[in-house]
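The following paragraphs lead the reader through the architecture of a two-chain model. Please keep the sequence and coordinates at hand while reading.

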Amino acid sequence: MQKRLLLDSQLLQITIQRLCQQLIENHDNFSSSVILGLQPRGIFLASRIQKVIAELEGHQVQVGYLDTTFHRDDFRRRDLPKKASETRVPFLIENKEVILVDDVLFTGRSVRAALDAMISFGRPNKVELLVLIDRLYSRQLPISANYVGREVNTLASQHINVSLKEQDGDDSIWLMNTEEA
Amino acid sequence: MNQLNKSHLLGIKELSEEEIQLIFETTDNFKDVLNRPIKKVPSLRDVTIANIFFENSTRTRLSFELAEKRLSADVINFSSSSSSVKKGETLLDTVNNILAMKVDMVVMRHSSPGASHFLAKHIKANIINAGDGTHEHPTQALLDTYSIRERLGSVAGKKVVIVGDILHSRVALSNIFALQKLGAEVMVCGPATLLPKHIEKLGVKVELDLRKALNWCDVANILRIQLERQKMSYFPSLREYALYYGVNMELLNSLDKEITILHPGPINRGIEITSQVADSKYAMILDQVENGVAIRMAVLYLLASSPAA
């Protein structure tokens, strides 16, 4: 079994702290900023970022969940359809600065779908993308992240396995070869 | 479970409980979409859907058409009153001609029971039954049970009475299947002439007295008296029907508990239900219509992604 640990619990915590510092530099007091976590795992990262920013700066940033299932461009083309999950955006994003949060940036297609889904809630002033893992050289669309936890060189046949405490019991991010994944 | 095991929705009878739950969960998500400022998603943008109605319909056809448009599908409409069916074309020929225009899904209402089964056997497209004669009307039963789930939290363990013209009603049959699969107890109530023989073989209770039935139930689904399907007289007069089987406010107030009232529409006000009841807080009639669009979006979406498609 071939797998490599990219981030463990401690490293993940440090990475989120650093990403939050970068957000604080660019967003001042977050008065017009909102965070949208992408289902399924981006929502946990979004909540953690919200918490860290509150601890560091005392700002309560609004957080929403975005599900992109109905906006994907591979519907009817993939074997197993994805099951939709909850979208909860309890605010309008009109004229807001939106920070999209996801775990892994790979082909860029989820982010494209997310941009599409997001527009249903208004026209934001600016949209930024924050990802924990950026898989380099694998983009199929002209999309890049503004905030990156860690850049990784991967093969298309490899797979990134993200476990988060909220859902899987522990924090760890592994790079796997697909046979085992 | 992420997908339906079939490429057609012909009746509730063929669905499993898990499949109904999947449709409900997907409906929750679409209901959320319908409450957004922009009520549209692009899921079915490369799908063409034909709505073929050989029988009159307002709610169902509008509801399907809206659901299709909210999913970004291309929609064509056909109703038999203004078509070549009048010139003697057969069902199969009509549908095959429509399919030759590269249609992916067909939503059909027909006056013959089993018409959609027939179609599903002979043509290559996803078929959705929007009512076949006195047989089934699956999306209506789904939206009825979904509305019960919404108001009462769940369907399992609830007592539901279906009141009225059970004999001619596809809504009744589909509802009986759906309610039983979801674990509800079902009773039918109406004049003996409008209850099918051997209906108790389906595992439903039979009650002739409306007051007793309402006292037993949590939910009453009041059916429309289908004057157009009655070739002979099943009861002496509409007035007498209203007297014995009409649901009115005095009757509801005299019960020991509050019950929920459903009606699939269109309402014959003053016959099976009085205006006062239809417009009261007990009635979910307009909620049913609202849920109907989301249910149909879920069905269309799930069938479009089913493996057999």
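The model is predicted. A suitable point of entry is a sheet in chain B. This open sheet has 5 strands, paired in parallel and arranged in the order β7-β6-β5-β8-β9. At its edges stand β7 (205–207) and β9 (260–262) of chain B, each of which pairs on one side only. From one strand to the next, the twist averages 25°.

Within this sheet, strand β5 (residues 159–163) of chain B runs parallel to strand β6 (residues 185–189) of chain B, and 5 bridges join the two. The register can be read from individual pairs: Val161(B) has Met187(B) as its bridge partner in β6(B), and Ile162(B) stands opposite Val188(B). As a general point on such positions, side chains in a regular strand alternate between the two faces of the sheet. Of the 5 residues of β5(B), 4 are buried, and the strand is therefore largely enclosed by the rest of the structure.

Helices cover parts of this sheet. Helix α5 (residues 138–152) of chain B lies across β8 (219–222) and β9 of chain B, and runs at about 160° to β9(B). Helix α6 (residues 170–181) of chain B also packs on the sheet, where it touches β5, β6 and β8 of chain B. The direction of α6(B) makes about 160° with that of β6(B).

The domain division places these elements in a wider frame. Chain B is divided into domain 1, comprising 17–137 + 292–304, and domain 2, comprising 138–288. Taken over C-alpha atoms, the centres of the two domains are separated by 26 Å. The contact between them takes 19 residues from domain 1 of chain B and 19 residues from domain 2 of chain B. On the domain 1 side, the elements that give two or more residues are α1 (17–34), β4 (126–132) and α11 of chain B. The largest share of that side, 5 residues, comes from α1(B).

The nonpolar interior connects the two domains. In soluble globular proteins, nonpolar side chains tend to be buried together. The largest nonpolar core has 92 residues, of which Val106(B), Val163(B) and Leu300(B) touch the most other members. Helix α11 (residues 285–304) of chain B gives the most to this core, with 11 residues. Because domain 1 and domain 2 of chain B both give residues to this core, it lies between them. With residues up to four places away in sequence left out, the contacts of Val163(B) include Cys189(B), Leu210(B), Ala220(B), Ile222(B) and Tyr245(B). A second, separate core has 44 residues, among them Leu36(A), Leu105(A), Ala117(A) and Leu175(A).

Attention now turns to chain A. This chain has 4 helices and 8 strands, which follow one another from the N terminus as β-α-β-α-β-β-α-β-β-β-α-β. Its C-alpha atoms fill a box of roughly 45 × 40 × 30 Å along the principal axes. Why may chain A be described as a compact globule? For 181 residues such a globule would have a radius of gyration near 16 Å, and the 16 Å of chain A agrees with this. Buried residues make up 39% of the chain. Of the contacts in chain A with a separation of 6 or more, 68% are between residues 24 or more positions apart.

One open sheet of chain A contains 3 strands in the order β1-β8-β7, with antiparallel pairing. Its edge strands are β1 (3–7) and β7 (158–163) of chain A. The twist averages 25° from one strand to the next. Over 6 bridges, β7(A) pairs in the antiparallel sense with strand β8 (residues 172–177) of chain A; Ile173(A) in β8(A) is the bridge partner of Val162(A).

Some backbone details remain. Most residues other than glycine have a negative phi, and most peptide bonds are trans. A cis peptide bond joins Gln39(A) and Pro40(A), with omega about 0°, and Pro40(A) is found in the loop between β2 (33–38) and α2 (42–57) of chain A. Another cis bond joins Gly265(B) and Pro266(B), with omega about -10°; Pro266(B) belongs to the loop between β9 and α10 (275–278) of chain B. Asp28(A) has a positive phi, near 55°, and lies in the loop between α1 (9–27) and β2 of chain A. Asp28(A) is exposed, since 12 other C-beta atoms lie within 10 Å and 12 or fewer counts as exposed.

Key: Residues are numbered from 1 along each chain as its sequence is written. Chains are lettered from A and ligands numbered from 1 in the order in which they are written. This is a predicted model: local features need pLDDT of at least 70, side-chain atom pairs count only at pLDDT 80 or more; totals for chains, interfaces and linings use all residues. Two strands pair if DSSP finds at least two bridges between them. Axes are lines fitted to C-alpha atoms, for helices over the stretch in contact, and angles run from 0 to 180 degrees between N-to-C directions. Two residues are in contact if their C-beta atoms, placed from the backbone, lie within 7 Å. The radius of gyration is taken over C-alpha atoms; the globule rule is 2.2 Å times the number of residues to the power 0.38. A residue is buried if 20 or more other C-beta atoms lie within 10 Å of its own, exposed if 12 or fewer, and partly exposed in between; C-beta atoms are placed from the backbone. A nonpolar core is a set of buried Ala, Val, Leu, Ile, Met, Phe, Trp, Tyr and Cys residues joined through C-beta atoms within 7 Å. Domain bounds come from an automatic or database domain assignment.
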